[in-house]
Amino acid sequence: MSLLKDCESAFLGSRRHKRFPRLLDYLVAPKLVGYSGWIGQDNKGDEAIFLSCQNLLQEIPLLHFSERMPFELAPGVLMSGRRRLYSSMILGGGTLMPGPAFLADIKRARELEIPYFIFGTGVLAPSFWEKIHPHLYGEGFIQEWVASLNDAELVMVRDPRSADVLTGWGVSRVGVVGDLAMSFPLPPYHSESKGIIGINLGCDDAMWGDQLRVVEEAGKFFFAMSKRGYRFRYISMHPNDTKWMKVLAERGLRDIEYLPWSTNESAIAKELCDIDFLVGQRLHSVIMAHVFGKPAISLAYNTKGLDY
């Protein structure tokens, strides 16, 4: 039964952004908003952002802005007689600018002559990333971004630093909306404290320092709290995070609980609702702890962690 559920989650979970949420939507022609973001990649933070954006739009279907029509939508498109799949496009949350793939999505929206919006997006800090990915900051490429952003219906970024970067590049009318994950659709849950510390360790980006050193130094704190009677719950924001839980266990940390991997609302609530506080490395582990009213210590590994 567990294997069946895992297979169902792996297939259907990856298709969540590519199918209508209601059967009725296949028969009528609702407004359909295309979403451009880092989704379908097993990143719990980006999935939370997508769910939050869905929550904000309420009755308007929000689906992955894909060049190829997902097969789940083909019957509905044929039956409804719609001429155009998307009525508009949103570049959503995550640190997506100035990524080439997301500029390509904006260009495609312009080719389709549909309005597009920048909503809750972050900008990679040039002070950190320009040395690592200099091709992203070439003058011609940045000017392509500026021209596209100045033609957007709305430019609302995640944080003040991102707004300052865009303004410095020459983008007009830049506002700040905050991180979209703060609008996460909270399922019913009961919050309590049980002497449990939530742990999240891991990152996939360039970082200050060394990841193993981060785990070792954080581990000293966890061992000290273990002596005070605390237990631990490891909260993975990406499947790769679990390897650092194993490192802690190999170093002798006991009483580490790990709940089955999932990106749905109820599972996230179950992970967070009864911890006392969280020590988190990934940005959205900290944000999601705050969404559920839990204090958090942020182990900022690059500039992104300081923007929140």
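Where is aspartate 42 found? In this predicted model, aspartate 42 lies in the loop that runs between β1 (33-36) and α2 (44-57). Its phi angle is near 65°, a positive value in a residue that is not glycine. With a relative accessible area of 42%, aspartate 42 is classed as partly exposed, because the partly exposed class lies between the 20% limit for buried and the 50% limit for exposed.

A positive phi is also found at aspartate 255, where the angle is near 60° and the residue is again other than glycine. Aspartate 255 is placed in the loop between α9 and β10 (256-258). Its relative accessibility is 51%, so aspartate 255 counts as exposed.

Lysine 44 belongs to helix α2. The relative accessibility of lysine 44 is 2%, and the residue therefore counts as buried. When neighbours within four places in sequence are left aside, lysine 44 is in contact with Ser236, Met237, Trp261, Ser262, Thr263, Ile268 and Glu271.

The backbone around the start of α4 includes a cis peptide bond, which joins methionine 97 to proline 98 with omega at about 5°. Proline 98 sits in the loop between β4 (94-97) and α4. Helix α4 itself spans residues 100-112 and contains phenylalanine 102. Phenylalanine 102 has a relative accessible area of 11% and is therefore buried. Residues up to four places away in sequence not being counted, phenylalanine 102 touches Ser36, Gly37, Trp38, Leu91, Leu96 and Trp145. For one of these partners, leucine 91, the C-alpha atom is separated from that of phenylalanine 102 by 7.6 Å, and the two residues are eleven apart along the chain.

Helix α4 also packs against helix α6 (residues 139-150), the axes being 11 Å apart and the angle about 40°. This angle makes α4 oblique to α6, because it falls neither under 35 degrees, the limit for roughly parallel, nor within the 65 to 115 range for roughly perpendicular. The crossing of the two helices, α4 and α6, is left-handed. On the α4 side the contact is made by Pro100, Phe102, Leu103, Ile106, Lys107 and Arg110, and on the α6 side by Phe141, Glu144, Trp145, Ala147 and Ser148. By class, the residues of this contact divide into seven nonpolar, one polar and three charged. Phe102 and Trp145, both part of the contact between α4 and α6, also appear as a touching pair in the list of neighbours of phenylalanine 102.

A second helix pair is formed by α8 (residues 211-227) and α9 (residues 242-250), whose axes come within 10 Å and cross at roughly 55°. Helices α8 and α9 are therefore oblique to each other. The crossing of α8 past α9 is right-handed. Helix α8 contributes Gln211, Leu212, Val215, Gly219, Phe222 and Phe223 to the contact, and α9 contributes Trp244, Val247 and Leu248. Seven of the residues in the contact of α8 with α9 are nonpolar and two are polar, while none is charged. In the contact of α4 with α6, by comparison, three residues are charged.

No disulfides are found in a search of the whole structure. Cysteine 203 has a relative accessibility of 16% and so counts as buried. Cysteine 273, at 12%, likewise counts as buried.

Technical notes: Residues numbered from 1 in each chain as written. Predicted model: local features only at pLDDT ≥ 70, side-chain atom pairs only at ≥ 80, totals over all residues. Heavy atoms only, no water. Axes fitted to C-alpha atoms, helices over the stretch in contact; angles between N-to-C directions. Helix = DSSP H or I, 4+ residues; strand = E, 2+ residues; numbered from the N terminus. Parallel < 35°, antiparallel > 145°, perpendicular 65-115°, else oblique. Left-handed = near helix turned anticlockwise from the far one by under 90°. Contact = heavy atoms within 4.5 Å. Nonpolar A, V, L, I, M, F, W, Y, C, P; charged D, E, K, R; others polar. Buried < 20%, exposed > 50% of the residue type's maximum accessible area, 1.4 Å probe, protein only. Disulfide = S-S within 2.5 Å.
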